[in-house]
Amino acid sequence: GVLMASNAQRGARAKGRTRKYLEGLGYQVGSLEVVHWIFRDGERFPVKHDQFASAQIAMNDQDIIFVQVKSGKSAVGGTFPAARRAFAQFRFPLMAKRWVVAWPPRARAPRIVDCSAEPPAATPRTRARRIKTRLF
């Protein structure tokens, strides 16, 4: 019988396909995923965290793109509101692009959703000032 791929394997495959796809477009691609190990009951478990709400960063001499990768049924349609909210937590330079690269089941090419036009997050200083006025 055929074994089902685990979620981790499917995610890793989608990231690999995304890297290959972006490199084919002339980008250099790096990983923004950090793995932390959690120890519990004598066992260790890997926990992955994306930096800047992105699994990968891609760049060439024109662009820098922060990339989130989606795959499976979730990648078929929609505008990825959770991904947009995650991107909105950070202040990206105006020239930096933010993409969701989505691989629907059996797709040969990804669906790319450009989230670059979203408004940036509030500056931390403004947020701190707002909290301060509320407290005192």
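This is a short dialogue on reading the salt bridges, cores and pockets of a predicted model.

Colleague: What should I keep in mind before I start?

Modeller: The model is predicted, so local features need pLDDT of at least 70 and side-chain atom pairs count only at pLDDT 80 or more, while totals for chains, interfaces and linings use all residues. Residues are numbered from 1 along each chain as its sequence is written, and side-chain values use heavy atoms, with hydrogens and water left out.

Colleague: Let's begin with charges. How many salt bridges are there?

Modeller: Side chains of opposite charge can pair when their charged atoms come close. A salt bridge here is a side-chain nitrogen of Lys or Arg within 4 Å of a carboxyl oxygen of Asp or Glu. That rule gives three salt bridges. In one of them, Glu-33 pairs with Lys-15, and the closest N and O atoms are 2.7 Å apart. This pair links distant parts of the chain, since Glu-33 sits in strand β2 (residues 33-40) and Lys-15 in helix α1, 18 residues apart. Helices (H or I, at least four residues) and strands (E, at least two) are DSSP runs, numbered from the N terminus.

Colleague: Is Lys-15 buried or exposed?

Modeller: Buried means under 20% relative accessible area, exposed over 50%, and partly exposed in between (1.4 Å probe, protein chains only). Lys-15 is buried, at 19%, whereas Glu-33 is partly exposed, at 23%.

Colleague: Which other side chains meet in a salt bridge?

Modeller: Glu-23 and Arg-19 do, at 3.6 Å from N to O. They lie four residues apart in helix α1, which means that about one helical turn separates them. Glu-23 is partly exposed at 40% relative accessibility, and Arg-19 is partly exposed at 30%. Asp-63 and Lys-97 also meet, at 3.3 Å from N to O. Here Asp-63 is in the loop between β4 (56-59) and β5, and Lys-97 is in strand β6, 34 residues away. Asp-63 counts as buried at 16% relative accessibility, while Lys-97 is partly exposed at 26%.

Colleague: Now the interior. Which residues have the most contacts inside the largest nonpolar core?

Modeller: A nonpolar core is a set of buried Ala, Val, Leu, Ile, Met, Phe, Trp, Tyr and Cys residues joined through side-chain atoms within 4.5 Å. The largest has 13 residues, and those with the most contacts inside it are Phe-66, Phe-80, Phe-87, Phe-92, Val-100, Val-113 and Cys-115. Strand β6 (96-103) and helix α2 each supply at least two residues, with β6 giving the largest share, three. A second, separate core of twelve residues includes Leu-22, Val-29, Ala-58 and Trp-103.

Colleague: And the pockets: what is the volume of the second largest one?

Modeller: On a 1 Å grid over the protein atoms alone, a pocket is an open set of points where a 1.4 Å probe fits, with protein on both sides within 12 Å along at least five of seven lines; lining residues have an atom within 4 Å of a point. Grid points are joined across faces, edges and corners, and a volume is the space filled by probe spheres set on the points. The second largest pocket has about 250 Å³. Of its 18 lining residues, the closest to its centre are Lys-15, Asp-50, Ala-55, Val-69 and Lys-70. Helix α1 gives the most to this lining, six residues.

Colleague: How much space lies in the largest pocket?

Modeller: About 330 Å³. It has 13 lining residues, and Arg-10, Arg-13, Ser-71, Gly-72 and Pro-105 are the closest to its centre. Helix α1 (residues 7-24) again gives the most, with five residues.
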